[in-house]
Amino acid sequence: MQSSLIFCFLITALVAVSVSRPTATEERIRIMARTIITRIKKIKDEHFQMSPEIDFGTDIDTPIDGLTSVFVHLSYLQLRLRAPPALHLQQVQVDLETLLRTLEGLAISQGCPLPNPETPVHKDETAFPVTSNYLYLLELQRYLENLCLNMDKLKWCKDTDVAETFIF
């Protein structure tokens with residue numbers, strides 16, 4: 001009798017842990033994203049003295065269509081921030097790598113397809129490294145701010161090349 005009571009308790013505990021895991025993972029992702037946003041703001045203040053009057057083009061935001069699209073776009077931005085290497089971006093790159101590994105783990109656990117997002121960086125994209133880094137930092141900041149507002153989108157595996165899958 002006592003062993004069956006212990007068994008029921010263990011099963012209940014496992015169910016509770018498995019149900020709360022996505023919430024804990026989403027909160028961890030939100031904290032990582034906010035940390036990167038804070039670092040970007042600090043880097044912009046310390047290393048990029050850009051006039052607020054400079055227009056860097058339209059603020060077209062990449063939509064957050066699901067876990068796969070988030071992983072692919074953040075991988076793209078990570079690749080762009082690596083070329084050319086910049087010492088002041090190292091911590092953002094490490095934080096972004098950690099965020100990507102967390103997203104990858106979540107995607108694998110939910111059965112989301114993860115294509116290889118790496119594409120070569122063209123020479124003309126690195127012709128103006130300071131401006132290029134600044135623009136990609138701005139895009140990363142906007143994307144992460146948008147992700148923090150749309151954490152519910154991490155429950156879907158959706159990409160432009162992959163059919164939509166809802167994760168319960």
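This is a short tour of a predicted model, moving from the whole chain to pairs of helices and then to single residues.

**Stop 1: the whole chain**

Show the protein chain as a cartoon and follow it from the N terminus. The elements come in the order α-α-α-α-β-β, that is, four helices and two strands. Now switch on the surface. The accessible surface of the protein chain is about 10300 Å², and carbon and sulfur atoms account for 60% of that area. Of the 168 residues, 37% count as buried. Among contacts in the chain with a separation of 6 or more, 84% join residues 24 or more positions apart.

**Stop 2: helix 2 and helix 4**

Two packed helices are described by the angle between their axes and the distance between the axes. Select residues 67-82, which form helix 2, and residues 129-149, which form helix 4. Their axes are 10 Å apart and the packing angle is about 155°. Because of that angle, helix 2 is roughly antiparallel to helix 4; the cut-off for this word is an angle over 145 degrees. The crossing of helix 2 past helix 4 is left-handed.

Next, show side chains where the two helices touch. On the helix 2 side, pick Ser69, Val70, His73, Leu74, Tyr76, Leu77, Arg80 and Leu81. They meet a set of helix 4 residues that includes Asn133, Tyr136, Glu139, Tyr143 and Leu147. Colour this contact by class: eleven residues are nonpolar, three are polar and two are charged.

**Stop 3: helix 2 and helix 3**

Keep helix 2 selected and add helix 3, residues 90-110. How far apart are the axes of helix 2 and helix 3? They are separated by 10 Å, and the helices pack at about 155°. Helix 2 is therefore roughly antiparallel to helix 3. Helix 2 passes helix 3 in a crossing that is left-handed.

The helix 2 residues to show here include Leu67, Phe71, Ser75, Gln78 and Arg82. Across from helix 2, the helix 3 residues in the contact include Gln93, Leu96, Glu97, Leu100, Arg101 and Gln110. By class, this contact has eleven nonpolar, four polar and four charged residues.

**Stop 4: Ser69**

Go back to helix 2 and select Ser69. Is Ser69 buried or exposed? Ser69 counts as buried because its relative accessibility is 10%, and the cut-off for buried is under 20%. Now select Leu154 as well. The C-alpha atoms of Ser69 and Leu154 are 9.5 Å apart in space, while the two residues are 85 residues apart in sequence.

**Stop 5: Ile36**

Select helix 1, residues 2-47, and find Ile36 there. Ile36 has a relative accessible area of 0%, so it is buried. Which residues does Ile36 touch, leaving aside those up to four places away in sequence? They are Val92, Asp95, Leu96, Leu99, Leu140 and Leu144. Pick Leu96 from that list and display the distance: its C-alpha atom is 7.2 Å from that of Ile36, although the two residues are 60 residues apart along the chain.

**Stop 6: Thr102**

The last selection is Thr102, in helix 3. Thr102 is buried, because its relative accessible area is 15%. Show its neighbours: without counting residues up to four places away in sequence, Thr102 touches Thr25, Arg28, Ile29 and Met32.

Technical notes
Residues are numbered from 1 along each chain as its sequence is written. This is a predicted model: local features need pLDDT of at least 70, side-chain atom pairs count only at pLDDT 80 or more; totals for chains, interfaces and linings use all residues. Side-chain values use heavy atoms; hydrogens and water are left out. Axes are lines fitted to C-alpha atoms, for helices over the stretch in contact, and angles run from 0 to 180 degrees between N-to-C directions. Angles under 35 degrees count as roughly parallel, over 145 as roughly antiparallel, 65 to 115 as roughly perpendicular and the rest as oblique. A crossing is left-handed if the near helix is turned anticlockwise from the far one by less than a right angle, and right-handed if clockwise. Contact means heavy atoms within 4.5 Å. Ala, Val, Leu, Ile, Met, Phe, Trp, Tyr, Cys and Pro count as nonpolar, Asp, Glu, Lys and Arg as charged, and the others, Gly among them, as polar. Buried means under 20% relative accessible area, exposed over 50%, partly exposed in between (1.4 Å probe, protein chains only). Accessible areas come from the Shrake-Rupley method with a 1.4 Å probe; for residues, only the protein chains shown count as cover.
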